[in-house]
Amino acid sequence: MDNVPNLDEASRPLADAWQHTLQSTGAAAASLLCALAADSPPELAHHFYDVLLEDPRASRFLSHDQVRLRLKPAMQRWLCQLLTATPASIPALVAAQRVIGDVHARVGIPVDLVTRGARVLKQRLFERIVAQAPSSAVAFEAIACLSASVDIALEGMTLAYTHARERSSRTDAAYRLFSLVQNVSTERERQRALLLDWENALLYAIASQASDADTVDLAHSEFGLWFTHKGIPSFGESSETAQVGALIATVDAQLRAAQAHADVGARFAALQGIREQLARIRTLMSMLFERIGELDAGSDALTNLLNRRFLPTVLRREIELANSTHTPFSLLLLDLDHFKAINDAHGHDGGDRALQHVAALLGQLTRGSDYLFRYGGEEFVVVLVAATAAQAEVIAENLRKHIAQTPAQLANGQPLALTASIGVAAHEGHPDYERLMARADAAMYQAKKRGRNQVVLASDDLPEPPGRRGLQRG
């Protein structure tokens with residue numbers, strides 16, 4: 001079928017097979033399948049998700065209320081489309097399965113869960129076909145058609161899933177190589193200094209008998225946050241990173257034990273064990289840094305921030321961390337106001353200076369464990385690790401004020417006033433990072449609509465902006 005529209009070479013055989021199946025199915029069997037579409041999908045969708053939720057892994061993808069509210073109607077529509085398919089509708093159906101497979105890959109749903117769901121759906125539908133068919137011949141024909149349709153749909157999903165996961169794996173590997181550390185020696189010294197600062201602060205706290213509430217544990221220190229959110233994905237999972245993680249946990253356990261002693265002398269005695277673990281951490285960190293080379297493929301040449309290439313990798317990891325450790329994180333989508341007017345009035349050099357100025361401010365006003373991206377054009381994305389919606393909103397407002405109060409400087413020395421509109425979205429459990437980006441985008445769009453130079457926190461009642469953007473755009 002060379003004239004099939006909008007299908008790539010890999011999808012055309014699926015369309016051919018599906019159309020051949022429908023053309024070979026008699027009118028009585030096709031009519032029976034259409035009848036099932038009229039009264040079966042709601043109950044079948046409930047059955048599908050009830051079965052999947054028996055698997056503990058499914059809770060990550062299906063426990064969120066928004067997921068259930070969106071997916072059950074989508075499952076009903078999918079069933080109706082399969083049961084009422086005609087040869088003319090097949091190209092669009094095949095293309096739709098590819099989209100579904102891409103979403104499954106993006107969220108990371110295990111393939112076996114999808115195939116299990118298809119199996120239980122087919123089993124329940126087969127039972128209904130047998131019960132309602134006017135004859136065994138019609139039942140056999142309807143079952144054969146339905147089975148082939150579901151299998152071809154799954155094949156289309158799996159094809160897209162495999163391609164998407166391969167792309168993600170390549171990007172993840174590049175991300176580890178790039179390591180988010182554009183200057184290895186500088187970052188090595190910075191992390192050494194942060195670890196030493198934490199040790200000195202602990203020593204001072206014990207010597208001065210400061211309140212235990214003033215002592216931050218190592219896991220939540222600047223070094224600890226950097227290691228968890230940037231160090232591990234940068235270095236890659238290895239025995240050394242696992243040892244560092246275990247040592248951090250040991251240090252914090254020893255710290256809690258030391259704090260349980262009222263006697264200062266006992267606390268100092270416990271400190272010796274903590275310092276020994278810190279020395280081991282420093283040794284391991286030196287080994288890890290030695291393995292990294294400097295790569296620039298993931299940075300934006302103008303601003304030296306990360307480019308959007310690694311944003312899906314970062315968001316997938318933060319979602320996994322949030323789900324496994326119940327740690328919040330938030331996202332800011334920042335757009336410079338009236339940027340076209342800046343380019344028109346001052347040329348592209350003026351626009352470039354504005355972007356570099358804002359990038360520098362973002363670096364100054366965020367933590368080393370946070371992620372800074374130039375998303376494209378005049379847009380920036382900030383991933384705030386270990387930050388709630390309320391905390392992110394405060395950070396965003398601080399960024400907005402500094403941008404408005406700190407003009408950039410043009411080549412002739414004249415100041416260039418800037419403002420920014422910022423959308424804030426906190427991760428709320430949804431497994432798809434595109435959903436988080438869409439919420440931040442909707443909030444940023446509202447900030448623009450309300451007059452610019454504002455911060456808006458995402459909420460479910462915000463309308464989606466026209467032509468909603470996602471991470472797939474160029």
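Select V455 in this predicted model. With a relative accessibility of 17%, V455 counts as buried, because the cut-off for buried is under 20%. V455 belongs to strand β8, which spans residues 455-457. Now display whatever touches V455, ignoring neighbours within four places in sequence: the contacts are E393, A396, E397, R400, I422 and V424. Add A443 to the selection as well. A443 and V455 are 12 residues apart along the chain, and their C-alpha atoms are separated by 8.1 Å.

Zoom out to the whole chain before the next stop. The protein has 474 residues, of which 49% are buried. Its secondary structure comprises 16 helices and eight strands. Take the contacts between residues at least 6 apart in sequence: 76% of them join residues at least 24 apart.

Next, select helix α3 (residues 41-52) together with helix α7 (residues 111-132). How do the axes of α3 and α7 cross? They come within 9 Å, at an angle of roughly 140 degrees. That angle makes α3 oblique to α7, since roughly antiparallel would require over 145 degrees. The crossing of α3 with α7 is right-handed.

Show side chains for the two helices. On the α3 side of the contact, pick E43, L44, H47, F48, V51 and L52. On the α7 side, pick L113, R116, G117, A118, V120, L121, R124, L125 and R128. Colouring this α3 and α7 selection by residue class gives nine nonpolar, two polar and four charged residues.

Keep α7 on screen and swap α3 for helix α2, residues 27-39. The axes of α2 and α7 lie 11 Å apart, and the two helices pack at an angle of about 120 degrees. This crossing, too, is right-handed: α2 with α7, like α3 with α7. Which residues meet where α2 packs on α7? From α2 come L32, L33, L36 and D39; from α7 come L125, R128, I129 and Q132. By class, the contact of α2 with α7 consists of five nonpolar, one polar and two charged residues. Leave L125 and R128 highlighted for a moment: these α7 residues take part in the contact with α3 and also in the contact with α2.

Now turn to the cysteines. How many disulfides does a search of the whole structure find? The search finds zero. Select C34, which is in no disulfide; the nearest cysteine sulfur is that of C145, 9.5 Å away. C34 is partly exposed, at a relative accessible area of 37%. Move to C145. C145 is likewise in no disulfide, and the nearest cysteine sulfur to it is that of C34, at 9.5 Å. Is C145 buried or exposed? With a relative accessible area of 4%, C145 is buried. A disulfide needs sulfur atoms within 2.5 Å, so the 9.5 Å between C34 and C145 falls outside that cut-off.

The last stop is A148, in helix α8, which covers residues 136-178. A148 has a relative accessible area of 21% and is therefore partly exposed, because buried requires under 20%. Finish by adding A17 to the view. A17 and A148 are 131 residues apart along the chain, while their C-alpha atoms are separated by 8.7 Å.

Terms used:
Residues are numbered from 1 along each chain as its sequence is written. This is a predicted model: local features need pLDDT of at least 70, side-chain atom pairs count only at pLDDT 80 or more; totals for chains, interfaces and linings use all residues. Side-chain values use heavy atoms; hydrogens and water are left out. Axes are lines fitted to C-alpha atoms, for helices over the stretch in contact, and angles run from 0 to 180 degrees between N-to-C directions. Helices (H or I, at least four residues) and strands (E, at least two) are DSSP runs, numbered from the N terminus. Angles under 35 degrees count as roughly parallel, over 145 as roughly antiparallel, 65 to 115 as roughly perpendicular and the rest as oblique. A crossing is left-handed if the near helix is turned anticlockwise from the far one by less than a right angle, and right-handed if clockwise. Contact means heavy atoms within 4.5 Å. Ala, Val, Leu, Ile, Met, Phe, Trp, Tyr, Cys and Pro count as nonpolar, Asp, Glu, Lys and Arg as charged, and the others, Gly among them, as polar. Buried means under 20% relative accessible area, exposed over 50%, partly exposed in between (1.4 Å probe, protein chains only).
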